[in-house]
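Hi,

Here is the structure I promised to pass on. Have a look, and my notes are underneath.

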Amino acid sequence: MLKRYKYFVFAMMMTSVIACQKRLDISPTQSIDEAEALVTSSDVEAALIGAYSDLGDADVYGGGMPLISELLANTNEFNWSGTYQGLTQINNKQIPVDNGFVESTWLDAYQTINDVNNVLNALDVVAESKKKKVESEAKFIRGSLYFDLVRLYGKAWNDGDPAVNLGVPIVLTPTRAPLSDADKKSRNTVAEVYTQAIKDLTDAVNLKQGISVAAQAMLARVYLQKGDYPNAVIAADNVIKSNQFALEPSYAAVFPYNADNPNDDQLPDPREYIFSMQVTSSQGTNALNTYFSTSGRGDIDINDAHINLYEDGDERLNLFYDDGGTRTGKFDMIYGNVPVIRLAEMYLIRAEGNFRLGTAVGPTPVSDINKIRNRADLPSYSAAELTLAKILKERKLELAFEGHALHDIKRLQGSVGVLPWNSPKLVLPIPDREIKINSNLTQNEGYFR
């Protein structure tokens, strides 16, 4: 599948990296004028590679954002024994406004957004044959990040009025240092941030370049979070029908492991990875390996409360192993790529949406769910046996520890222990550093200096 490589960080345009190496050594584009920094098409392409690099940072899509989701959602399904105080605070739902991980995630995400704003601001110098590709990838990155930022730092879409609740600032033009008064943005509403994310992702789809299927997949995720099931189903169906990806025949193959060389940094991505962050010995970070695996820090071991959710014979159980505690083998490769979106999620979204709506866009819900179950060596359900609860359980087990936990609890109005789904403790604080610098920002409920 030749097209798939286009979705992986650093695999994109790698042939131009060496040629542009001296340009990559220039000062950061947010601190100098674009007229000096981005004067040729190669400059802008190199800046886009830099944006992908920042997107793969340990605090963003290199694992930090999914890790925060899992820690905030956790009560008794895994044990956190890490010594990083900031992550312990997140796991305990006792987060101070100066939490370093919360701050780094915010700063690194906005750094990446600024990268792509610089790219989009310089589209005029991009070669005509490459312009749509550059624009689509930049908008995919920006739309994806605004969606994930508002999910972490703002109230859930279904918590009160998203047209009133505050989300995160929308910044669509390059930001300079030092900040001018015009750069000191206030927080946009949750609804406004979702609208911007959907616009960017829709633009990326409509430009019909290599990233368009990944943008469709992210749109399916956005619409599901909103409870917009008709659009979620259509987007997920479009991804599946593209035939650019395929479910791996076994669950173990979704998370490849080279037992002979755990340091192997050349393992190809599974066929069902729609978008992932590439990690090698020379570039990229897999923070999920750092915290979930004993080849990293091994700060997380899985409790029986999670293991007991699986049926007997479920192949997904085979990825758990005992190593001074029960571990998940999903992230055991030190240089394993970080999965951001994979095809199994699209089947789950289509099944859930169709079931809720009583529609059959594509195959029936039971057909989609049975694809997931049969891959895990589980027997098929009949249509009469299928319930929404069973669909949601398949989603939970199939996507366990991949960053969906908190967001599913919120959209489904569940709870985290004694905390209800809409507790202010399940929303990250706006970093205190940002409020000190920008007086237009206001803090989230329940947080004080």
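Below is what turned up, going from charged pairs to the core and then to a couple of backbone oddities.

Before anything else, please keep in mind that this is a predicted model.

**Salt bridges**

Searching the whole structure gives 33 salt bridges. Three pairs and one network seem good places to begin.

Start with Lys133 and Glu137, whose closest N and O atoms sit 3.0 Å apart in a salt bridge. Both belong to helix H8 (residues 128-153), and since they are four residues apart there, about one helical turn separates them. Their surroundings are worth a look too: Lys133 is partly exposed, at 21% relative accessibility, while Glu137 is buried, with a relative accessible area of 0%. The cut-off for buried is under 20%, so Lys133 at 21% counts as partly exposed.

A pair of another kind is Arg350 with Asp237, where the salt bridge has an N to O distance of 2.7 Å. Arg350 is in helix H14 (residues 343-357) and Asp237 is in helix H11 (residues 229-241), so this salt bridge ties together parts that lie 113 residues apart in sequence. Arg350 is buried, with 2% relative accessible area, and Asp237 is buried as well, with 5%.

Then there is Asp408 with Arg411, a salt bridge whose closest N and O atoms are 2.9 Å apart. These two are three residues apart in helix H17 (residues 405-411), which puts about one helical turn between them. Both residues are buried.

If you like networks, try colouring this one: salt bridges link Glu272, Glu311, Asp314, Arg316, Lys330, Arg342, Arg373, Arg375, Glu394, Glu398 and Glu402.

**Strand S2**

How many of the five residues of strand S2 (residues 273-277) are buried? Five of the five, so the strand is largely enclosed by the rest of the structure. S2 pairs with strand S6 (residues 338-342) in the antiparallel sense, over four bridges. To find the register, look for Ser276, which stands opposite Pro339 in S6.

**Nonpolar cores**

In soluble globular proteins, nonpolar side chains tend to be buried together. Here, the largest nonpolar core has 120 residues, and the ones with the most contacts inside it are Tyr61, Phe140, Tyr146, Phe275 and Met346. H8 supplies the largest share of this core, at 11 residues.

Met346 makes a handy centre for a close-up view. Setting aside neighbours within four places in sequence, Met346 is in contact with Ala217, Ala220, Ala236, Val239, Ile240, Ile274 and Ile341. Apart from the largest core there is another one, of five residues, including Tyr251, Phe255, Tyr273 and Leu319.

**Positive phi**

Two residues caught my eye on the backbone side. Asn243 is not a glycine, yet has a positive phi of about 60°. You will find Asn243 in the loop between H11 and S2, and at 62% relative accessibility Asn243 counts as exposed.

Phe401, also not a glycine, has a positive phi of about 70°. Phe401 sits in the loop between helix H16 (388-398) and H17. Is Phe401 buried or exposed? Buried, at 4% relative accessibility, whereas Asn243 is exposed.

Cheers

Conventions. Residues are numbered from 1 along each chain as its sequence is written. This is a predicted model: local features need pLDDT of at least 70, side-chain atom pairs count only at pLDDT 80 or more; totals for chains, interfaces and linings use all residues. Side-chain values use heavy atoms; hydrogens and water are left out. A salt bridge is a side-chain nitrogen of Lys or Arg within 4 Å of a carboxyl oxygen of Asp or Glu. Buried means under 20% relative accessible area, exposed over 50%, partly exposed in between (1.4 Å probe, protein chains only). Two strands pair if DSSP finds at least two bridges between them. A nonpolar core is a set of buried Ala, Val, Leu, Ile, Met, Phe, Trp, Tyr and Cys residues joined through side-chain atoms within 4.5 Å. Contact means heavy atoms within 4.5 Å.
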